[in-house]
Amino acid sequence: MGRLFLQHLEGTAYSCRTCKSNLALVDELVSKSFHCRTGRAYLFNCVVNVSAGPKEDRLMTTGLHTVCDIYCNRCNRIVGWKYEEAFDKTQKYKEGKFILERAKMTDATADIFGSREVDGSDCD
């Protein structure tokens, strides 16, 4: 297996609950008004340190969407999904955005210690 490159986010960030890998900055948060099987979920413009699974169509409460699950790059746990396509024109704003399940991430915390990891980006 190759070397694991993780992006360290400077500022206030949400992290994976299992391995504490940074996932998204608070500044990328779009909405806290989403729900998933495990409870609450947050919509983000951009997330890091995740890999996407295969695309699939899912019927959700807001209609049919093409989505792919997203996995934490460090612990390989599913942390949410990415909206690839929305079939209802009122839901098009979700396309290209990410859902992180609240139960699978930590509270947003600031990087007060300045710890660093090897840089790499999923949003560049």
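Is Phe87 buried, partly exposed or exposed? Phe87 is partly exposed, as its relative accessible area is 43%. The structure described here is a predicted model.

## Overall fold

The protein chain contains nine strands and zero helices. Read from the N terminus, the order of elements is therefore β-β-β-β-β-β-β-β-β.

The protein chain has 124 residues, and 42% of them are buried. Among contacts in the protein chain with a separation of 6 or more, 50% are between residues 24 or more positions apart.

## Surface and the nonpolar patch

About 7,100 Å² of the protein chain is exposed, with 49% of that area supplied by carbon and sulfur atoms. Leu59, Leu64 and Phe87 make a nonpolar surface patch of about 320 Å².

Phe87 lies in the loop that runs between strand 7 (78-86) and strand 8 (98-101). Patches are made of residues with over 30% relative accessible area, and Phe87, at 43%, is therefore accessible enough to be part of one.

## Salt bridges

Six salt bridges are present in the structure. One of them pairs Arg58 with Glu56, with 2.9 Å between the closest N and O atoms. The two residues can be placed on either side of the 20% limit below which a residue counts as buried. Arg58 is buried because its relative accessible area is 16%, whereas Glu56 is partly exposed because its value is 37%. Both residues also belong to a network of salt bridges that links Glu56, Arg58 and Asp69.

A salt bridge also joins Asp107 and Arg102, whose side chains meet at 2.1 Å, N to O. Which of these residues is buried and which is partly exposed? Arg102 counts as buried, since its relative accessibility is 17%. Asp107 is partly exposed, since its relative accessible area is 48%, a value that falls between the 20% and 50% limits.

Lys104 and Glu101 form a further salt bridge, in which the closest N and O atoms are 3.5 Å apart. Here Lys104 is buried and Glu101 is buried as well. Glu101 falls within strand 8 (98-101).

## Burial across the charged pairs

Taken pair by pair, the salt bridges described above can be set out by burial. Arg58 is buried and its partner Glu56 is partly exposed. Arg102 is buried and its partner Asp107 is partly exposed. For Lys104 and Glu101, buried applies to both residues.

Methods:
Residues are numbered from 1 along each chain as its sequence is written. This is a predicted model: local features need pLDDT of at least 70, side-chain atom pairs count only at pLDDT 80 or more; totals for chains, interfaces and linings use all residues. Side-chain values use heavy atoms; hydrogens and water are left out. Helices (H or I, at least four residues) and strands (E, at least two) are DSSP runs, numbered from the N terminus. Buried means under 20% relative accessible area, exposed over 50%, partly exposed in between (1.4 Å probe, protein chains only). Contact means heavy atoms within 4.5 Å. Accessible areas come from the Shrake-Rupley method with a 1.4 Å probe; for residues, only the protein chains shown count as cover. Patches are made of residues with over 30% relative accessible area and no salt bridge: like charges are joined within 9 Å, nonpolar side chains (Val, Leu, Ile, Met, Phe, Trp, Tyr) within 5 Å. A salt bridge is a side-chain nitrogen of Lys or Arg within 4 Å of a carboxyl oxygen of Asp or Glu.
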